[in-house]
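Visitor: I am new to this structure and would like to be guided through its aromatic rings. Could you show me the sequence and the model before we begin?

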Amino acid sequence: QVQLVESGGGSVQAGESLRLSCDTRGYTISSRYMGWFRQSPGTEREGVAAIVTEGGTTYYADSVKARFTISQDKTHNTLTLQMNNLKPEDTATYYCATSDKWFGYGDILLSKRRYNYWGQGTQVTVSS
């Protein structure tokens, strides 16, 4: 069984930074994509950033472009999300996800329906 374990969440002030990590444990799959998603109470889970594991092509939601950076360490099966200049609207539970199915390139990577393995989430709270 594949397990994704997020860490690095916390409470910060607007303008500060956080770095989220996602460790892959258990059964090793041929991960095609990995992504970060977030969800606030009463809202849909939305894609924040995603990466094609082979080649490293990345995609970002417009709301986080130039502030967030997704990266992978394939040797250690770790995914990270560097979040800079955080804003109160970034407050949410952040989830790591992966997919072993190929579905091409583009913003489709930010669709939660394309991912079949999920972590439990880590809370990020940004105060003004």
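**Aromatic rings**

Guide: A search of the whole structure finds 7 aromatic pairs, where rings of Phe, Tyr and Trp (its six-membered ring) pair if their centres lie within 6.5 Å. This is a predicted model, in which local features need pLDDT of at least 70, side-chain atom pairs count only at pLDDT 80 or more, and totals for chains, interfaces and linings use all residues. Residues are numbered from 1 along each chain as its sequence is written, and side-chain values use heavy atoms, with hydrogens and water left out.

Visitor: How are the rings of Tyr 33 and Phe 103 arranged: stacked or edge-to-face?

Guide: Planes under 30 degrees apart count as stacked, over 60 as edge-to-face and the rest as tilted. The ring centres of Tyr 33 and Phe 103 are 4.0 Å apart and their planes lie at 25 degrees, so this pair is stacked.

Visitor: How many residues apart are Tyr 33 and Phe 103 along the chain?

Guide: Tyr 33 belongs to strand 4 (residues 33–39), whereas Phe 103 is in the loop between strand 9 (92–99) and strand 10 (117–118); strands are DSSP runs (E, at least two residues), numbered from the N terminus. The pair therefore links distant parts of the chain, and the separation is 70 residues.

Visitor: Which residue has its charged end over the ring of Trp 118?

Guide: A charge sits over a ring if NZ of Lys or CZ of Arg is within 6 Å of the ring centre and within 35 degrees of the ring normal. At 4.9 Å from the centre of the Trp 118 ring, the charged end is that of Arg 45.

Conventions: Helix = DSSP H or I, 4+ residues; strand = E, 2+ residues; numbered from the N terminus.
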